[in-house]
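Colleague: Could you walk me through reading helix packing in a model like this one?
Modeller: Sure, let's look at it together.

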Amino acid sequence: MAFVGYLYTSKSANFLQKNVLKNSVRKQGICSLNASSNSDNSKLSDALKEADIEARKIREEAERRKEEDEKERMKKQMKIDRLNAIPEDAEAGTVEEFMYKDGVKEILEKLDTDLVGLIPVKSRVREIAALLVVDKLRRNLGLDTSVPSLHMCFTGAPGTGKTTVAMRMGQILQRMGYSRSGHLVVATRDDLVGQYVGHTAPKTKEVIKKAMGGVLLIDEAYYLYNASNDRDYGQESIEILLNVMEENREDIVVVLAGYKDRMDKFFSFIPGMSSRVGNHIEFPNYEPEELVSIAKVMCRDLEYEMSVDSEPIFFEYIKKRMTMPYFSNARTVRNAVDRARMRAAIRLFNKAFDQTSDGMVSKTELMTLEKNDFVSVEELIARGEDAIVE
């Protein structure tokens with residue numbers, strides 16, 4: 001009986017173990033099903049939440065657009081109401097009054113005095129000044145106004161007055177309230193572009209900072225871009241300038257200057273620059289007669305006078321000099337006048353120490369440049385066609 005009981009007990013244990021295992025597997029399956037069901041429910045809940053968020057964003061965007069449209073409509077209606085409220089015979093003032101009051105007329109007259117010739121340039125400057133005056137008259141009546149694009153491009157050979165015109169434009173803009181100070185900052189590639197990585201941005205920004213509130217004249221601007229070198233640092237400077245010309249156009253006027261053909265090529269490489277420049281002014285070369293007049297103006301400003309018989313000498317000299325290399329219009333004239341002053345000083349010095357002289361020098365002598373003080377055509381030819389002389 002004991003043996004039989006033993007067998008019975010072993011079988012019972014095996015049976016029990018199998019049942020426990022089956023129950024365990026069944027429970028694990030149920031748990032897995034429950035976990036899977038919970039995961040699906042969680043995903044569904046997240047999807048519903050995302051859908052709600054997206055729908056809310058769409059509603060908010062629609063409401064925002066509706067509010068902006070309503071604000072724009074009200075703004076337009078206010079403009080219409082304000083315009084209708086202005087009497088037809090209302091006067092904003094006279095153009096002459098604004099020209100005098102702001103000193104624009106004085107600056108334009110000074111431009112005529114400082115610059116000989118350049119009729120097309122002066123006409124263009126007057127057109128810009130007229131636009132600014134009329135814009136101010138409109139503002140006085142409460143009419144809608146916007147700051148026009150005042151960035152400029154000056155094209156022409158060296159010595160044709162680009163820097164002088166830029167300076168006068170800065171003064172006009174300052175008098176009319178379109179710039180804070182109207183000062184002029186002149187820069188070249190060396191002032192804007194660095195020599196190594198990380199050097200260009202600080203240099204360009206520093207120059208721009210100095211020019212804020214005035215005019216930035218970039219001479220020979222095409223040297224900023226080097227088409228043969230994709231890694232040239234000038235491109236970084238151009239990108240900074242483009243951004244400033246767009247974002248700060250009410251606080252700085254950028255003037256790009258250089259030879260016309262090279263500037264045209266530069267704009268073809270950088271179309272974004274061309275679209276930001278609203279005024280293109282071409283500076284023609286001077287005629288010989290105009291250069292003689294410029295020499296007289298320079299002498300007058302220095303409190304000198306050209307003697308009557310010195311003018312033909314200078315005229316023939318300048319005609320010959322125009323055919324030679326390194327001619328730079330008014331700059332060449334200035335160098336020639338400086339040379340004449342030096343010769344006059346030597347002449348007076350030698351005369352004062354001459355044994356037959358009493359050593360006295362008159363006011364007229366100190367103020368007069370004689371014909372022998374100027375370089376003659378014969379001297380110029382003797383120095384050679386390629387000589388760098390004035």
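**Helix packing**

Modeller: Start with helix H3 (residues 104-114) and helix H5 (residues 162-175), which pack at an angle of about 170° with axes 9 Å apart. This is a predicted model: local features need pLDDT of at least 70, side-chain atom pairs count only at pLDDT 80 or more, and totals for chains, interfaces and linings use all residues. Residues are numbered from 1 along each chain as its sequence is written, and side-chain values use heavy atoms, with hydrogens and water left out.

Colleague: How do I read the angle between H3 and H5?

Modeller: Axes are lines fitted to C-alpha atoms, for helices over the stretch in contact, and angles run from 0 to 180 degrees between N-to-C directions. Under 35 degrees counts as roughly parallel, over 145 as roughly antiparallel, 65 to 115 as roughly perpendicular and the rest as oblique. H3 is therefore roughly antiparallel to H5.

Colleague: Which residues make the contact of H3 and H5?

Modeller: Contact means heavy atoms within 4.5 Å. Among them are Val104, Ile107 and Leu111 of H3 and Val165, Arg168 and Ile172 of H5.

Colleague: And how do H11 and H13 cross?

Modeller: The axes of H11 (residues 288-301) and H13 (residues 330-352) come within 10 Å and cross at roughly 50°, so the two helices are oblique to each other. In H11, Leu291, Ile294, Ala295, Met298 and Cys299 meet Ala330, Val333, Arg334 and Val337 of H13.

Colleague: What about confidence, the pLDDT?

Modeller: pLDDT is the predictor's confidence in each residue, from 0 to 100. The chain's mean is 80, and 79% of its residues reach 70 or more.

Terms used:
Helix = DSSP H or I, 4+ residues; strand = E, 2+ residues; numbered from the N terminus.
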